[in-house]
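Biologist: Could you walk me through this one before I go back to the bench?

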Amino acid sequence: MLSSDAGRGPGAGPSGAPDEGGGRGSSDTTPASRTIGGVLAALTPDFPDLTISKIRFLEAEGLVTPYRTGSGYRTYSDRDVERLRYVLTAQRDRFWPLKVIRDALDAMDRGLAPGEPDAPDARPRVPERETDRDIPTAEALAAPPTLRLTARELRDAAGLDRPTLEALETYGLVRTDSSGHFDDDALAVARTVAALAAYGVEPRHLRPFRTAADREIGLVQQIVRPGRSAAGRPARGNGEAPEDPTPEVLRLCIALHTALVRTGIRER
């Protein structure tokens, strides 16, 4: 099993992702300090039968690719050593043939996580999805506003002048409530607009965001309307009203939007 890089694939960087330009068995882009003898010394306590010939055989099979100095000497990084440890463990404890090991290493080089050592199928698996901190929770989306700001308070807090705030209202980017005040979300919009102004973005450029948001809201309303209709009726069995799914659906839509934007940026 991987020792110092537990939970990461061999050849992966500190974040668990493959190194840039890394393929199967890729090493650091700079010379490492271990010679093949040093690798043997590091691994023989756990694998007493290991020999230099075996290490070279695994290299010939493409399972590890040490760095070559200008004079042709092999030098091994710590990741190379952990990669070899993974290979040797898979052979000794799981009796995996080289093809299976090669496929497992390729999967981890592509970002999959090592399988649980004691699991029936210890092959690499897709990592568990981590919570994106940039996506608000359903609870945060459902939370009522805590601020009621006048136009002047909003301008002062966001650093906007009167014409810019008026433009934001014209394009529907901020709106007042029934009492004529602005809430927390209006402040978030105003501050974002003020930051974007440094890049030459004007309120008129942001009108598509309002249109897109309204379309998403319309879709969400179509999805949750049956649930809202049932929310006023007691649920069968426990007597509790069904929970309104609107905040969770909104959260999922925001997560989808964020993922699509990230994909689009990478494709450019």
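**Helix α4 and its surroundings**

Modeller: Keeping in mind that this is a predicted model, a good place to begin is α4, which is mostly covered, with nine of its 12 residues buried.

Biologist: Which residues of α4 are buried?

Modeller: The buried ones in α4 are L98, V100, I101, R102, A104, L105, A107, M108 and D109, and what covers them includes α2 (52–60) and α3 (78–94).

Biologist: How far does α4 reach from its first C-alpha to its last?

Modeller: Helix α4, residues 98–109, reaches 16 Å between those two atoms, which is close to the 16 Å expected for its 12 residues at 1.5 Å a residue. Just after α4, G111 takes a positive phi of about 105°.

Biologist: You mentioned α3, so at what angle do α3 and α4 pack?

Modeller: They pack at an angle of about 140°, and their axes are 10 Å apart. Angles over 145 degrees would count as roughly antiparallel, and α3 and α4 are therefore oblique to each other. Their crossing is right-handed.

Biologist: And which residues meet there?

Modeller: From α3 the contact takes in R83, Y86, V87, A90 and Q91, and these meet L98, I101, A104, L105, M108 and D109 in α4. By character, the residues of this contact divide into eight nonpolar, one polar and two charged.

Biologist: Why would residues three or four places apart point the same way?

Modeller: An α-helix has 3.6 residues a turn, so residues with that spacing point the same way.

Biologist: Changing topic, how many helices and strands does the protein chain have?

Modeller: The protein chain has 10 helices and two strands, and read along the sequence they follow the pattern α-α-β-β-α-α-α-α-α-α-α-α. Of the 268 residues in the protein chain, 32% are buried. Among contacts between residues at least 6 apart in sequence, 61% join residues at least 24 apart.

Biologist: Okay, now the later helices, please: how do α6 and α8 pack?

Modeller: Helix α6 (residues 151–158) and helix α8 (residues 184–197) pack at an angle of about 45°, with their axes 9 Å apart, and that makes α6 oblique to α8. The crossing in which α6 passes α8 is right-handed.

Biologist: Which residues make the contact?

Modeller: On the α6 side they are L154, A157 and A158, while α8 brings A186, L187, A190, R191 and A194. Sorted by character, the residues of the contact of α6 with α8 divide into seven nonpolar, no polar and one charged.

Biologist: What about R155, is that buried or exposed?

Modeller: R155, which lies in helix α6, counts as buried because its relative accessibility is 14%, and the cut-off for buried is under 20%. Leaving aside neighbours within four places in sequence, R155 is in contact with L160, D161, R162 and L165.

Biologist: How far is R155 from L187 in space?

Modeller: The two are 8.7 Å apart, C-alpha to C-alpha, although 32 residues separate them in sequence.

Biologist: Last one: where does G159 lie?

Modeller: G159 lies in the loop between α6 and α7 (162–170). With a relative accessible area of 60%, G159 is exposed, since exposed means over 50%. The C-alpha atoms of G159 and A194 are separated by 6.6 Å, with the two residues 35 apart along the chain.

Conventions
Residues numbered from 1 in each chain as written. Predicted model: local features only at pLDDT ≥ 70, side-chain atom pairs only at ≥ 80, totals over all residues. Heavy atoms only, no water. Axes fitted to C-alpha atoms, helices over the stretch in contact; angles between N-to-C directions. Helix = DSSP H or I, 4+ residues; strand = E, 2+ residues; numbered from the N terminus. Parallel < 35°, antiparallel > 145°, perpendicular 65-115°, else oblique. Left-handed = near helix turned anticlockwise from the far one by under 90°. Contact = heavy atoms within 4.5 Å. Nonpolar A, V, L, I, M, F, W, Y, C, P; charged D, E, K, R; others polar. Expected span 1.5 Å × (residues − 1). Buried < 20%, exposed > 50% of the residue type's maximum accessible area, 1.4 Å probe, protein only.
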